[in-house]
Amino acid sequence: MREVFHQSLEDVQTRLVEISDLVTVAIERATRAFATSDVALAEDVIDNDKVIDEKAIELDELAIEILARQQPVARDLRIVVAALRVSASLERMGDIAEHIAQLTRMRFPERAVPKGLKNTFTKMGEIDTEVARTLADLLRTEDLSLVSRLHELDDELDALHLAVFEKVLSDNWQGEASATVDATLASRYHERFGDHALSVAKKVSYLATGTWSADTEGVDAEV
C-alpha cells in the first residue's frame with residue numbers, strides 16, 4: 001500500500017509539471033499573438049485552454065482520491081494539499097494566457113498593442129514566458145535556486161507594469177479610450193501571471209524547507 005501511495009504522489013508531481021508545460025506553451029503563444037495580431041494563433045490559445053482546465057480537474061480528483069483512500073499525514077498530507085493549491089494557480093495562469101489571446105481576437109484586424117508600448121509589451125511577454133519555463137523547471141526539479149530567479153523576473157514585471165500606467169496617465173498619451181483599456185488590461189494580466197508563479201514557488205519552498213514565506217500571501221485571491 002505504501003508503494004502504491006508513493007507512486008500516486010509521484011503521479012501528482014508529474015501531472016503538475018505537465019500542466020505547467022502546457023501553461024508555458026499557452027503564454028508564449030498568447031504573447032506572440034498579441035504582439036503580431038495573429039488571430040489564428042490567438043484562437044488556438046483560447047481553444048486549448050480547456051485542455052489545461054481538464055488536466056487541472058483530473059489532478060484535483062486524484063489528490064482528493066489520495067486524501068480519501070490513503071489519509072496521509074504530516075509531510076505527505078502537505079504535499080497533497082499543496083498540489084491542490086498549485087493546480088489552482090496553474091489553471092489561473094492558463095486563464096491569463098487565454099485573456100491575452102482574447103484581447104488579440106477582440107481587436108483584430110487592428111493591433112491590440114497600443115502605439116508607443118510595443119517594446120514594453122514585447123518585453124513583458126518575454127519575461128512571462130521565462131517565468132513559465134522557470135516555474136516548470138522548479139516543479140520538475142525542486143531546485144530552490146530557481147525561486148530567487150522567479151522573484152527577479154516578477155520585480156521586472158512589476159516595474160514594466162508601473163511604466164505602462166505612467167505612460168497612459170501622462171499628458172503625452174494620445175491613445176483612444178480603447179487603447180487605454182487594452183494597455184491597462186494587458187499589463188495587469190502580465191503582472192498577475194508573475195504573481196501566480198510566485199505563489200506556486202512559495203508552496204514549493206514551504207514543502208522543501210518547512211518555512212512559510214508571507215511575501216506572496218493573497219496572490220491566489222484573484223486572476
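In this predicted model, the largest pocket holds about 480 Å³ of space. Its lining is made up of 21 residues, and those nearest the centre of the pocket are Arg 111, Val 113, Pro 114, Lys 115 and Ala 179. Helices α4 and α6 (177–209) each contribute at least two residues to this lining. Sorted by class, the lining of the largest pocket comprises eight charged, seven nonpolar and six polar residues.

The second largest pocket contains about 380 Å³ of space. Here 19 residues form the lining, with Gln 13, Arg 75, Ile 79, Glu 142 and Leu 207 nearest the centre. Two or more lining residues come from each of α1, α3 (74–107), α4 and α6. The class composition of this second lining is twelve nonpolar, five charged and two polar residues. Helices α4 and α6 thus appear among the contributors to the largest pocket and also among those to the second largest.

The largest nonpolar core was examined next. This core has 62 residues, and the members that touch the most others are Phe 121 and Leu 135. At least two core residues are supplied by each of α1, α2 (39–70), α3, α4, α5 (145–169) and α6. Helix α1 provides the largest share, twelve residues.

Phe 121 also takes part in an aromatic pair, the one pair found in a search of the whole structure. The partner of Phe 121 is Phe 34, and the arrangement is edge-to-face, with the ring centres 5.6 Å apart and an angle of 70 degrees between the planes. The two residues belong to distant parts of the chain: Phe 34 sits in helix α1 (residues 2–36) and Phe 121 in helix α4 (residues 118–141), with their positions 87 residues apart. Both Phe 34 and Phe 121 are buried. When neighbours within four places in sequence are left aside, the contacts of Phe 121 are Phe 34, Val 113, Pro 114, Val 164, Ala 183, Ala 186, Ser 187 and His 190. Two of these contacts, Val 113 and Pro 114, are also named among the lining residues nearest the centre of the largest pocket.

Phe 34 recurs in the surroundings of Thr 104, a residue of helix α3. Beyond neighbours within four places in sequence, Thr 104 is in contact with Ala 33, Phe 34, Ser 37, Asp 38, Ala 42 and Ala 112. Thr 104 is classed as buried because its relative accessible area is 1%, under the 20% limit.

Gly 94 is likewise located in helix α3. Its relative accessible area is 2%, and Gly 94 is therefore counted as buried. Apart from neighbours within four places in sequence, Gly 94 is in contact with Val 23, Asp 49 and Ile 52. Between the C-alpha atoms of Gly 94 and Asp 158 the separation is 20 Å, the two residues being 64 apart along the chain.

In helix α4, Asn 119 has a relative accessibility of 67% and so is counted as exposed, the threshold being over 50%. The C-alpha atoms of Asn 119 and Ala 136 are 26 Å from each other, at a spacing of 17 residues along the chain.

Backbone geometry was considered in the loops. The loop between α3 and α4 contains Pro 109, and the peptide bond leading from Phe 108 to Pro 109 is cis, with omega near 10 degrees. In the loop between α1 and α2 lies Ser 37, a residue that is not a glycine but has a positive phi of about 60 degrees. Ser 37 counts as buried because its relative accessibility is 12%. Ser 37 is also one of the contacts of Thr 104. A further positive phi, near 45 degrees, is found in Gln 71, again a residue other than glycine. Gln 71 belongs to the loop between α2 and α3. With a relative accessibility of 62%, Gln 71 is counted as exposed, whereas Ser 37 is counted as buried.

Methods: Residues numbered from 1 in each chain as written. Predicted model: local features only at pLDDT ≥ 70, side-chain atom pairs only at ≥ 80, totals over all residues. Heavy atoms only, no water. Phe/Tyr/Trp six-rings, centres within 6.5 Å; stacked < 30°, edge-to-face > 60°. Helix = DSSP H or I, 4+ residues; strand = E, 2+ residues; numbered from the N terminus. Buried < 20%, exposed > 50% of the residue type's maximum accessible area, 1.4 Å probe, protein only. 1 Å grid on protein atoms, 1.4 Å probe; cavity = no way out; pocket = protein on both sides within 12 Å on 5 of 7 lines; lining within 4 Å. Points joined across faces, edges and corners; volume = space filled by probe spheres on them. Nonpolar A, V, L, I, M, F, W, Y, C, P; charged D, E, K, R; others polar. Core = buried A, V, L, I, M, F, W, Y, C linked by side-chain atoms within 4.5 Å. Contact = heavy atoms within 4.5 Å.
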